[in-house]
Amino acid sequence: MRVKSKTAVWLAAVMAIVGMYAGGACADALLIRGEIAIQDAAEIEFSVPVCLLEAIKTSGISAIVEDKDGLCERIDALIGDLASMKGEKLFVLEAEDEATIHIWVDEVGGDEAAEANFIMVDIDPAEENEPNISLRLPKGLFFLGAFIGNQLMETYGKEFLEMIRQQIIQSNFPPIHSQKPQAPCCEAQKECPAMAPVPPAHIHPKEMQKEIMKNVDPQKIRKEVLQTIMKEILKIQEN
């Protein structure tokens, strides 16, 4: 199916918001629901089990965080916040007749028990010749991915992050070469003030940072980080 570009953008934005809010230990029966209606575009409905935030506790993020207990406490606090918002709106956008977006916290319906275990996305196309789309992703898939990521980071995390750091430095920060004063070619020149070593000019740290950042391409850094990650994952799979 072809979904119009502005619909895809809205869906990506909303799913990013949902990704930040979805989670919950005491929220097994809670969902983040959403409805998106955009003029002349597909209508989208989705539901995400709130308990998905539990996956962060066993993810690669937890493997590199020093204060794991603090991370878990903050996740539980977010879960409590979401539970207190049951039946309330998390996000509302109403732009006259052009777009309507509602995201709220809801309970799993008695006749929809599968909602507690699956991310569900339904797309109703705007044009008659386009098919309907229904997507169902089991939450266990995300817990499995989080666990695998945790194991990889526990085993290779320090080397992995150091390698990425070195790659970024080598690719985007030119080496700073110290200039050595020329040695006098004769004894008479040793007494010449012009040949005396010139002390380096003091450079304020902020000015130095500005000069360095002139040579930094954020897009290039992101691309190189992703390429490095993929290379290391392929190496691990080959071994």
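A residue counts as buried under 20% relative accessible area, as exposed over 50%, and as partly exposed in between. Lysine 57, with a relative accessibility of 21%, is therefore partly exposed. Keep those cut-offs handy for the views below, and keep in mind that this is a predicted model.

**View 1. The whole chain has seven helices and six strands.** Starting at the N terminus, the elements come in the order α-β-β-α-α-β-β-β-β-α-α-α-α. The chain is 239 residues long, and 27% of them are buried. The views that follow go in for some of the details.

**View 2. The largest nonpolar core has 19 residues.** Which of its members touch the most other members? Those are Ile32, Ile36, Phe46, Val48 and Val121. Strands β1 (30-38), β2 (43-49), β4 (99-107) and β5 are the elements that each put two or more residues into this core. A separate core of six residues lies apart from it, and Met153, Phe160, Ile164 and Ile168 are among its members. As a bit of background, nonpolar side chains in soluble globular proteins tend to be buried together.

**View 3. Arginine 33 and glutamate 115 meet in a salt bridge.** Their side chains come to 2.8 Å, N to O. Where does each partner sit? Arginine 33 belongs to strand β1 and glutamate 115 to the loop between β4 and β5, so to speak a long-range handshake across 82 residues of chain. Both ends are tucked away: arginine 33 is buried at 17% relative accessibility, and glutamate 115 is buried at 7%.

**View 4. Lysine 57 has two acidic partners, glutamate 54 and aspartate 76.** Take glutamate 54 to begin with: its salt bridge to lysine 57 has its closest N and O atoms 3.4 Å apart. Glutamate 54 sits in the loop between β2 and α2 (60-64). Is glutamate 54 buried or exposed? Its relative accessibility is 18%, which is under the 20% cut-off, so glutamate 54 counts as buried. While you're there, look across to isoleucine 75: it is 21 residues from glutamate 54 along the chain, yet the two C-alpha atoms are separated by 7.5 Å.

Now for aspartate 76, whose side chain meets that of lysine 57 at 2.8 Å, N to O. Aspartate 76 is in helix α3 (residues 68-84) while lysine 57 is in the loop between β2 and α2, so this salt bridge ties together parts that lie 19 residues apart in sequence. Aspartate 76 is partly exposed, with 35% relative accessibility.

Elsewhere, shared partners join Arg33, Asp106 and Glu115 into one salt-bridge network. A search through the whole structure turns up six salt bridges.

**View 5. Four acidic residues gather in a patch of negative charge on the surface.** Which residues make it up? They are Glu35, Glu43, Glu45 and Asp124. Follow aspartate 124 back into the fold and you land in strand β5 (residues 118-124). Aspartate 124 has a relative accessible area of 40%, so it is partly exposed.

**View 6. Aspartate 40 has a positive phi without being a glycine.** Most residues other than glycine have a negative phi. For aspartate 40, phi is about 60°. Where in the chain is aspartate 40? Look in the loop between β1 and β2. Its relative accessibility comes to 52%; the cut-off is over 50%, so aspartate 40 counts as exposed.

**View 7. Leu144, Phe147, Ile148, Leu152 and Tyr156 make a nonpolar surface patch.** The patch covers about 460 Å². Tyrosine 156 belongs to helix α4 (residues 139-172). With 40% relative accessibility, tyrosine 156 is partly exposed.

**View 8. Glycine 157 is another residue of helix α4.** Is glycine 157 buried or exposed? Its relative accessibility is just 3%, so glycine 157 counts as buried. Glycine 60 is the residue to find in this view: the two glycines are 97 residues apart along the chain, with 8.5 Å between their C-alpha atoms.

Conventions
Residues numbered from 1 in each chain as written. Predicted model: local features only at pLDDT ≥ 70, side-chain atom pairs only at ≥ 80, totals over all residues. Heavy atoms only, no water. Patch = residues over 30% accessible without salt bridge, like charges linked within 9 Å, V, L, I, M, F, W, Y side chains within 5 Å. Areas by Shrake-Rupley, 256 points an atom, 1.4 Å probe, with all protein chains shown as cover. Lys, Arg positive; Asp, Glu negative; His and termini not counted. Charge placed at Lys NZ, Arg CZ, Asp CG, Glu CD. Helix = DSSP H or I, 4+ residues; strand = E, 2+ residues; numbered from the N terminus. Buried < 20%, exposed > 50% of the residue type's maximum accessible area, 1.4 Å probe, protein only. Core = buried A, V, L, I, M, F, W, Y, C linked by side-chain atoms within 4.5 Å.
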